[in-house]
Amino acid sequence: MQEKFDKFNIDKKKAEMKFVIGGVTLIVGVLLFLLIPEVIVIGIICFIAGIVLLVMGQSGFAKINNRFKNEVLSDVVSTFVDNGVFSPNQGLSLAQVYATEFVQHGDRFHSEDYLSGSIEGVSFISSDVKVEEEHVEHTKNGTRRYYVTTFLGRVFKFDFNKPLDGYLQVLEKGKPTVNRKYNKVKLESVQFNKKFKTFATSDHLAFYVLTPHFMEGLMDFEANNKGHISFSFIGKHLHIGINNFRDTFELKKFVPVSMAIFDEFKKELLVVQEIIKELKLNNKIFMKE
């Protein structure tokens, strides 16, 4: 494995070097353009060359990152996930993400790093998701449009395998995105009520699903994962969102590829296993009859 890492690091350093040289050349070009009018042509040439090198460096890094996912991470997935499929360039569809009913609708949408399979007999699909909202600002200099990221993290869909008579959402932040006749439910656990807001189409459904053991599992999962956590129970599926403002399976610039990074990726994959075990989705009560 180390030999494979060494090859990635050689290619990665080449892309990073272009990125560094491009940045320096760009800065030199700007300084020449602003401070020394006599060499303004040289400044423009440096500026353009810097941009070209930055683009080449970023493009090269993106290709290496994609190779790493396909050549290394795909093998890791197969060791943790039964019938595992990992497709870096694909993701959950916009319809699948909004079907969670807790991801707020935005103006720009992107998803990647699709992962599916089953663990301990529980099937799931997931991917990284980014949703952005367009903002318009009117100033004396004109109109400025910009985008604010409202969700950046991972979305999961698990087979809950126990049909529910109604809809239930447990949200650390925000509210359901659909206009159902939800009741805001207070549960017996004071700590749970402080951490999550519970919305259900009937109080009975909330108390039926959110047993003390299940609430403890949700609390433990939240404690072990940074970001805002969302759960929704719709039909025979449990949707989970981790809005932690990070891409999951990405290499980092200027950080060598090593076993430490490899182990970090494995931890990300183990999140799926953690969900199944913490929430006891593999318990017979949740299995198909």
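Which residues in α2 meet which residues in α7? In this predicted model, the α2 side of the contact is made up of F68, V72, L73, V76, V77 and F80. Facing them from α7 are F262, F265, K266, L269 and L270. Sorted by class, the residues of this contact come out as 10 nonpolar, no polar and one charged. As for the geometry, the two axes sit 11 Å apart and the packing angle is about 50°. That angle falls outside the ranges for parallel, perpendicular and antiparallel pairs, so α2 and α7 are oblique to each other. The crossing of α2 past α7 is right-handed.

Helix α2 has another partner in α1. Helix α1 covers residues 2–35 and helix α2 covers residues 40–80, and their axes come within 7 Å of each other. The crossing angle here is roughly 160°. Angles over 145 degrees count as roughly antiparallel, and α1 and α2 are therefore roughly antiparallel to each other. The α1 and α2 crossing is left-handed. As for what the contact of α1 with α2 is built from, the tally is 23 nonpolar residues, nine polar and seven charged.

Helix α7, for its part, also packs against α6. Helix α6 runs over residues 212–224 and helix α7 over residues 259–278, with 9 Å between their axes and an angle of about 160°. This pair, too, is described as roughly antiparallel because of that angle. The handedness of the α6 and α7 crossing is right-handed. On the α6 side, the residues in contact are G217, D220, F221 and N224, and they meet V271, E274, I275 and E278 of α7. The class split for this contact is three nonpolar, two polar and three charged.

Next come the pockets. The largest pocket has a volume of about 330 Å³. A total of 18 residues line the largest pocket, and those nearest its centre are N225, N244, R246, E268 and V271. Two elements, β4 (142–159) and α7, give two or more residues to this lining. Which element gives the most to the lining of the largest pocket? It is α7, with seven residues. One residue, V271, thus turns up twice in this account: among the α7 residues that meet α6, and among those nearest the centre of the largest pocket. By class, the lining of the largest pocket holds seven nonpolar, four polar and seven charged residues.

The second largest pocket comes to about 290 Å³ in volume. Its lining takes in 13 residues, and F102, Q104, T150, K173 and N243 are the closest to its centre. Strands β4 and β8 (228–234) each supply at least two residues of that lining. β4 is therefore named for both pockets, since it also gives two or more residues to the lining of the largest one. How does the lining of the second largest pocket divide by class, and how many of its residues are charged? There are five nonpolar, six polar and two charged residues.

Notes:
Residues numbered from 1 in each chain as written. Predicted model: local features only at pLDDT ≥ 70, side-chain atom pairs only at ≥ 80, totals over all residues. Heavy atoms only, no water. Axes fitted to C-alpha atoms, helices over the stretch in contact; angles between N-to-C directions. Helix = DSSP H or I, 4+ residues; strand = E, 2+ residues; numbered from the N terminus. Parallel < 35°, antiparallel > 145°, perpendicular 65-115°, else oblique. Left-handed = near helix turned anticlockwise from the far one by under 90°. Nonpolar A, V, L, I, M, F, W, Y, C, P; charged D, E, K, R; others polar. Contact = heavy atoms within 4.5 Å. 1 Å grid on protein atoms, 1.4 Å probe; cavity = no way out; pocket = protein on both sides within 12 Å on 5 of 7 lines; lining within 4 Å. Points joined across faces, edges and corners; volume = space filled by probe spheres on them.
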